[in-house]
Every structure is written in C-alpha cells, then in structure tokens.
Amino acid sequence: MSEDARLPVAKTHKLYIGGAFPRSESGRSYAAGDARGRFLANVAQASRKDLRDAVSAARKAFPGWSAASAYNRGQVLYRVAEVAEGRREQLAEAVARGEGTPEDTARSIVDTAIDRWVWYAGWTDKLTPVLGSANPVAGPYFSFTVVEPTGVVGTLAPQESSLLGLVSVLAPVLATGCTAVVVASTDRPVPAITLAEILETSDVPAGAANILTGSADELAPHLASHADVNALDLTGVPAEQRGALERSAAGSVKRVLRVPATEPDWTVTPGIDRLRGCLEYKTVWHPVGT
Amino acid sequence: MPHTAADVPFDPEDATRDEARLRRFLHGLPGVDRVGLEQRAADLATRSIKKSAKLRAIDTAIGMVDLTTLEGADTAGTVHALCARARRPDPDRPGVPPVAAVCVYPDLAGTAATALSGSGVAVASVATAFPSGRSSREVKLAEVGMAVAAGAAEIDMVIDRGAFLSGRYGDVADEIVAVKQACGSAHLKVILETGELATYDNIRRASWLALLSGADFVKTSTGKVSPAATLPVTHVLLQAVRDWQAVTGVARGVKPAGGIRTTKDAIRYLVAVREVAGERWLTPALFRFGASSLLDDLLMQRRTQLDGHYSGPDYIAVS
Amino acid sequence: MADTAENAPGTGAWDYDPAPERAELANLRAHYRPFIDGAFVDGTGEPLKTSNPATGETLAEVGTAADADVGTAVTAARAAFERTWSTMPGTERAKYLFRIARLIQERSRELAVLETLDNGKPIKESRDADLPAVAAHFFHHAGWADKLDYAGFGPLPRPLGVAGQVIPWNFPLLMLAWKIAPALATGNTVVLKPAETTPLTALAFAEICQQAQLPPGVVNILPGGGDTGSTLVAHPGVDKVAFTGSTEVGKLIQSRLAGTPTKLTLELGGKAANIVFDDAPLDQAVEGIVNGVFFNQGHVCCAGSRLLVQESVAEAVLERLRGRITTLRVGDPLDKNTDLGAINSPEQLAKIRELVASGESEGAQRWTSPCALPDKGLFFAPTVFSGVHQSMRIAREEVFGPVLSVLTFRTPEEAVRKANNTPYGLSAGIWTEKGSRILWAAEQVRAGVVWANTFNRFDPTASFGGYKESGFGREGGRAGLEAYLDV
C-alpha cells in the first residue's frame, strides 16, 4: 500500500471548556470552509448553554489563576509558546487554508503569534511595577496601589486574523491573571481549536482559557449580558453592531475594552492597552506608627 | 477592654496570681494603633467650648488642679504661699473654688498639711524616690510612711520603669502593692512616666498593671521627663479606667501631669474625660491636673469670661 | 458680674453650648446663574431653589441649564479646547491650576460654610476634611500638567477634548475637584453639572475660575436636574464623560453611551465591609467603624456600612460601639461641635427610613442612639442593626445614611467570603494587628480601596475607584490621569 493511498485520520473539532473538549451540548455543528469556500471540517457550534458553561468554568478557575504568582503565570505563557513552536507546521497549514494566505506568509504569521505569547509571558511580573505605585500621601500612612485582574473577560475574537489576532486578544487576558471566554472567528475556527489543544497541553489551568466555536452573532449577546462576566472585548464584532452589546454590558457595569473600529495590523507589537483593560487598581492604606 | 468575651467574668486576682498570668493578661490587651489614637485625640481637640460651658469648664478644672511645686529650691515659704493660693485661688473673686490638692516633696508635706488645715484642700506628696524611682524598696516605703505620717492624704509614686521595660511586671506590681499598703488610708496615684514607656501598647499595659495592683489613680508623668502628659496618652489612661469600671464596677481616677499650661489645654482634657471615659469622671475625685502654672491661666480666662473683656497676668495673684 | 451658682463644679451635667460658625461667612447671594464661556449667564431652564436641609429654608434661587444651554456650553468648551487650552504649554496650564488651588485655600472658610449650608454636612467636616482635600487635589494635579510624559502612557499623551462631568451632592466641591483638576491638568476642557440639591459651591468655584483668569470656556458649570445631566452626557460634542453617583444612573449612562467613542469613567455605589478580627486594636477599630459609617451622615459611596466582626469579640465591640455612638452629636451643621449634620434631601431621608423599616421587618435588631434631634430639618439618628444576615436588604443595598449593619464571622475565609458577597466593590476595611493577615485579606477583598487599621482616608496621590458594579476608572494618582487621556 503506497503512502498516498493512506486515508488520513480526520480530527473532530470540538469546544474547549473547563480544560475539556466537549461537543456542543446542543449537538450542533457547522461546516467550516477554506478561504475559497471548500469544506475543511465540521466544527462544534456552541450554544447559549455552552457559553454559560464556559463562563462558569472561567469563574471557577479565576481564584487559582489570579492568585498564581506572576512568575508562574509568565512561565505558563512561555510554555504555551514552547508547545506552539512544536506545532508550527500544523498552525501554518491551518492559517494558510483558513485565511487563504501563501504558506510563507502563514509561517510568518504563526511565528509572530508564538512570539506574542513570549512577549506577554514577560509582562506578567511587570504590571504592578509599571502601573502600580507607592503613594506619597499627606499623612502618617503607607499607601500603595497595585493592579489586579478584573475577573472573567469575555472576548469576541477577530474574524479575519484567526490565529495571530486570536492570540493577540487572548494572551493579554491570561497575562493579567484574568480568565477568558473567547468566541473564535466564526468562519475561520480551525486555528482556534488547534490553539486550544496547545493550551490544554501547556500547563494552562483548566478553565483559565475557554474557547468556543460557532456563530459570534448568536453568542455575543449572551456574553455581553452575562452578569458574571467582568469585562468585554468586542474586537471581533463589526463596529456598527457593538452598540447593542455595549448596552447589555451596562447592565452589570462591565468594563468594555476600547478597541479599534476595524481589525488593526496584528503584526505590530502591541502596547499595554489590552493589559490595562483587564486590570483593576487597588489602593491599600495602613497607618505608620509604633 | 481586656480581650475576654463578655460572658467570661474578669478576675483581677487571677490576672495577678503569678508572673506568667500577669504577662499573659497584659499582653492579651488589645493593641493601640498610634495613628488612629492620635487622630481621635486631635479630632476631639477641635471641640469648641464657649460661654457658660467654658466658665463651667474653668471652674471644674480649677477644682481638679493638684497645685504642684517640686523644685530643689522649695522652702517652707514657697509652700505657704502656694497653700494660701490653693485655698483661695483668686481672692478678689470669692466664688472661685479651691484647688483639689497641693503637691509637694515629702519633707514639705508637714508644712503643707499645717497650712491647709481645715481647708478641704488635700496634701499630696510625691514619694518612692521621685522622679527616677531608683532606690531600694525599703527607702521607698520609708519615704511613703514619712509623707503619710506628716499629713499627706495622697501619695504620688513612680513605677520602676526599668523593671517594666525589661518585662519584670511582677516586680512593678509587687512594689505598687507594697506602696499601697504603706499608704494606709491615703490615696495612691501611680505615675507611669509615659514619656519613658515608648509605646501606647506599653502605656495601656502599665495602666492595667497599676489598676490591678491597687492604684486609685493612674498618672501620666513626673513632669521631669519630656514628653509629659499628652492628649493621646491621657486617652489611653481614660480608656483603661473606663474599661476597669466596666469589668469591676469600680471607678478609678486619671491624672495627666506636666505640660498643661493653658485653659485651652485643660478644656481639651475635660472634653476627653467627658467623651472617652464619661461624665462620671468629671469630678476631682476621679480626675486631676498635675500643674504649676495652669491655675494662672484658668483664673485669667475666668475673669475674661465674667468681665467680658480680656484680663492680664497683673490681675492674678501669683504664689 | 457675679459668679452664678449653676457654674459651680459638680452640679448637673456639663454640656457644650452651641458654637455656631457664622452663616454670613458664606457670602450667600439671592441668585446664582450658570457659568458658560467665562461668564455668568441666564440659563433657559426652569430656575431651582436650593435649600438648607437643616432648616428647610431656601438659600438661593439658581438658574439652570436647558438643552440649548448645554449646547452653548459644549461649544464654548470645544472652542476653548481647540484655541487655547490644548495648545497652551503644560507649564502654563500648571500655573492656572496652582492659582486655583491657592484661591481655594484663601477662600476656604467661606466655601466651607457655603458647603455646609447647602449640603447639611457638619462644618467640622467641610472645614477639616472637604476643603483641605479640594485644595490638595488641585495642587497635586497642577504639577502633572507639564509632566504627563512621565505618567506612563508614552510620550505626549493627548487629551480627549471636552469632558462632560456629572457629580453628586454628598461632597459637592470635593467631587468637583476630583473631576475638574485631572481634566484640566491633562489639557481637556470641562462642562460640569453639580447636583440639583447642592449647586452653590460649584458656582462659587466658577467665580474662582474668573479670579484665576482662567481662559473663558475652559470650565463651564451648569446647574440643573437629572435632565440636564442626561443631555450633557449624551451630547455628541462631549468626548469624555465622568460620572459619580448611583449605580442605577451609572448603568443608564453606560447604556446611553454604548456604541459611541465617548470615553467613560464611573464612580458608583458601594456596600463596603469593615472587617474586625479578634486581635484588632479595638478602641481604634471602634473609631474606624464610627468614622466609616457616620462620616458625612453616611452619605459616602465608600462608607463601611457592613460591619463584619469576629464572633469572639462581637459583643465587646458592639458594647463599645454603642457607647461611642451615644456621644455623637447630631444637629445644627454649622455648630462646630456637631458630628452628624442634616440628611441632604427629603427623598434621601425617605429612602433611609424605608430601608431601616425593611431591616426591622426582616428581623434584624435595631438600636438607635438616644441622641437629641433638632425639631425641624432633615435628621436621622445613628442606627445600628445587629443580627443581620447577608440576605437582608440592609446588608445588600446601599443605604447612604447613618445606618450600620452588623454581621459576624468565625474564620478569616468566612469574613472574606461575606465581604465579597455583593455586586459592589468600592472599598473595604480590615482591622487586625497581624501584618500577614492584613496583607492576605487586602489581597482577597475585591475592592478598589482597602483601608487596614484605618478608614475613609483619601489623598490626591492615591487612586480611588471601584471593582464590579462600583464602576470603572480611577480618580487620583497616576492611574487617575488615564481617564482623561486618549490612551
């Protein structure tokens, strides 16, 4: 039997919730195509209840992940880069097919995405030094301000940039110690699923990152209105549709990240806006005396 | 307040049974946060006391003064003058109450007793190797006995700060108990010399130690060490007698001494007495000022209040 | 004049005579007008009458801004932003702010009295807490104006433009300072709406802007009610909205601005836990509890309105607390010895009464200070509920009045769990002498400000703001500048 004649083992593409890979509780799936519309795979189509489960998993993971030392979180993020490095080819192929980019470009995108994990890995223990302060208050008190993760962050990942864009919105959430519920690019979901497998094998605690595939239009309203989500990133939602979601977000005073109206050039080294968007400042006071 | 739950009866006997229990008790008292205490004292010091409340405060304060002279150069003459003033602080104004006591060194207690005879003004004498307290127990007790025999109705003793600071609480307690015994019927004021105790935690422990050992009054200072009395320190002492009363039912007194020179100062202390310990303590039986020059200002301000214009030192008889 | 017998020591209780600050110091005028483009102008809105909550007397008639006036003010602010304020060197902006700080210090006695008249807070607090903090806030931010490159937002951070600001009635001038000082320091211009019931000090501040020769249009003050505020925040010419007030209104504003590029920061309600462990410095803890919930009649978003006390010391703490609360003097806000002044409005008093009634009907034990209350005016005696459970309304809803709910706990974990069991997250208090426990608890509580062994401390260098439904964005400190920069 020749090599060519072997039938490849196709992967079942599932959701990533609480560290496990379930199918959608709804039993739904949808066909994801390549850039030219050819069938790539059937992908789980997450439901409102899957989203609810993902938020619960993220909430459950929050105390542990947010309390992990910054050093530890940095190592975990770096580990993601290490494991991703081993799957460069697979990621490049997924990007090339899904986004229709030439293979060279796809490889370069993958490299940038891996490097982005490294970049954010280095940020974990710089946040409080850079953003925090010891406050010279006018009185016999020691006052200091530190930054802390805001909680569960709900993210609508970019629709175009299915890997680099996704990493660019997910990594800062994890770097701050927040936990994430991400709705992947609706039409280009495959790299997200591969990334989920990488996260699962990279010491990222179960539930810290949850990735849903499916219809962003369908899921976004439930994410925006979920009272147990602390912050919302609407990058993947067209600007004209954000208003309604932001209105829902107001119901529980969610932090809504300030993001560009259209997808930015993800290859540019990011600033710390996204990190800041996931952080709270906490000021602590104590008297100084004998 | 001791950290015991409300339903566990407080037992002074038990607290002082042995050195270990005493230490455990004193170190089990709640801590004092310096900043919070000083903030509260400063806030309370902003009370504005005017008109009849001020006049009333001035007369109350006059009646609480332990008119004090503790100089090496004191003579029978200076003590006579002081006693005359104590009886009638402002001879032109017959309504002025006498002061609470005249406070002198033991060798002048007899002189003071004669001069104050029949006046209602008590003789207080410092004793126990005042102000340092550095002598033997025998000498200290002999000094107390001598002062009492000479007519002192109140003894102001100093604690052994060295023993206290090195943690020998039992020694300090034993000495207070012994002095109390030597006092007989004389009232005992225990000077903590808070300026040497370094922390408010220590001041609170020393207050309780003195109360547990039989002090009738806890007193801040000798007047020979700086800082002497301060408002926050007096707050701590007032809290101690307030809490002592709450757990034993017995009211003991407080005496800030040293550095209280103006009517404004005195009124701030009275406000603290009223709002920290309670109205009940606003009596010479439970609150005194140890002071030498305070009386001058009280009398001057009293005239200002009554005459409707400012007065001057030339109108107040000095001693 | 002879000595009188009742002055003799030891006869009857010694109480303090009234020691009122002179109301005339406020330089109160019969009419006040909106301040637009550097001038006091007639607003086209229905004039409002602002009254003294301690007496019910009308203090002044105040012109209000209608929609058209909001438009005029925003246009003036835009012009000032483009022509002068954003192009002016930071060093010059700084000098204006320093000037304002000094003018506030010079007029602080007048402003304190005016604040007390209009708000009902004790003169002791407006004089010793509010006014010094107002001046300090301008002084601190003045220095930032030419040093923004060092603020951590990269080189040359840009202002946003016109800031629309809506502030509450509990700290009228201080909240104005918290809004205007950072906005101006970063190069924005301002349209501010003071609260309907407390517009006077904001208009006195407008006069200070004139005295400081601040360019016209940089600061505009629009008195008015909720409608004026709602028009202002939704005005398309506004680039930044800052709001301090209730969570309810905050949600409406956030919802209103959904889908717009307007940058928003919200400083909303709270239901802070004040956690007292059994090894706390108890006398200072009692002071902190009292200050935490009775400061400013409890009209404080970060008030420590839930006391969580460890069971082993609960009785001892409560006993001390009641004794201490009994010494609180409720009455004439102008009296220098008053500790609790008047409730700001009949509506607020009704809300307090309603929640207190709910506490009683839900089975909590009510204790109210036996203090005397004035015959007229809006007053409420300090009240403590014990036996409170997390499920009761008085444990969950912001009372915004002198009402404390007492809950107990047994372990540190339980304390933190209860402290965090609220949609709010503005502040928290921790009382224990154990350092490691302080730091642990400070880490665990989900709140933007944590006071350990103290409470209600504020400083312009220390950022202040909430987690969760207490809002987002910070005021004060380096973090506070972010709210007014395009970053």
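In the predicted model, the C-alpha atoms at the two ends of residues 35-256 of chain A are 31 Å apart. Helix makes up 53% of this span and strand 17%. The span coincides with a feature in the UniProt record, where an unreviewed entry places "domain: Aldehyde dehydrogenase" at residues 35-256 of chain A.

For chain B, the secondary structure amounts to 13 helices and 8 strands. The C-alpha trace of chain B extends over about 60 × 45 × 30 Å along its principal axes. The radius of gyration of chain B is 19 Å, which agrees with the value near 20 Å that a compact globule of 319 residues would have.

In chain C, the packing of two helices was examined. Two packed helices are described by the angle between their axes and the distance between the axes. Helix H5 of chain C (residues 172-185) packs against helix H6 of chain C (residues 200-211) at an angle of about 50 degrees, and the axes are 8 Å apart. H5(C) is therefore oblique to H6(C), since an angle of about 50 degrees is outside the ranges that count as roughly parallel (under 35 degrees), roughly perpendicular (65 to 115) and roughly antiparallel (over 145). The crossing of the helices H5(C) and H6(C) is right-handed. On the side of H5(C), the contact is made by C:Pro172, C:Leu173 and C:Leu176; H6(C) contributes C:Thr201, C:Ala202 and C:Phe205. Of the residues in the contact of H5(C) with H6(C), 5 are nonpolar and 1 is polar, with no charged residue present.

Technical notes. Residues numbered from 1 in each chain as written. Chains lettered and ligands numbered in written order. Predicted model: local features only at pLDDT ≥ 70, side-chain atom pairs only at ≥ 80, totals over all residues. Axes fitted to C-alpha atoms, helices over the stretch in contact; angles between N-to-C directions. Helix = DSSP H or I, 4+ residues; strand = E, 2+ residues; numbered from the N terminus. Left-handed = near helix turned anticlockwise from the far one by under 90°. Contact = placed C-beta atoms within 7 Å. Nonpolar A, V, L, I, M, F, W, Y, C, P; charged D, E, K, R; others polar. UniProt positions renumbered as here; feature names shortened; annotations may be inferred. Rg over C-alpha atoms; globule rule 2.2 N^0.38 Å.
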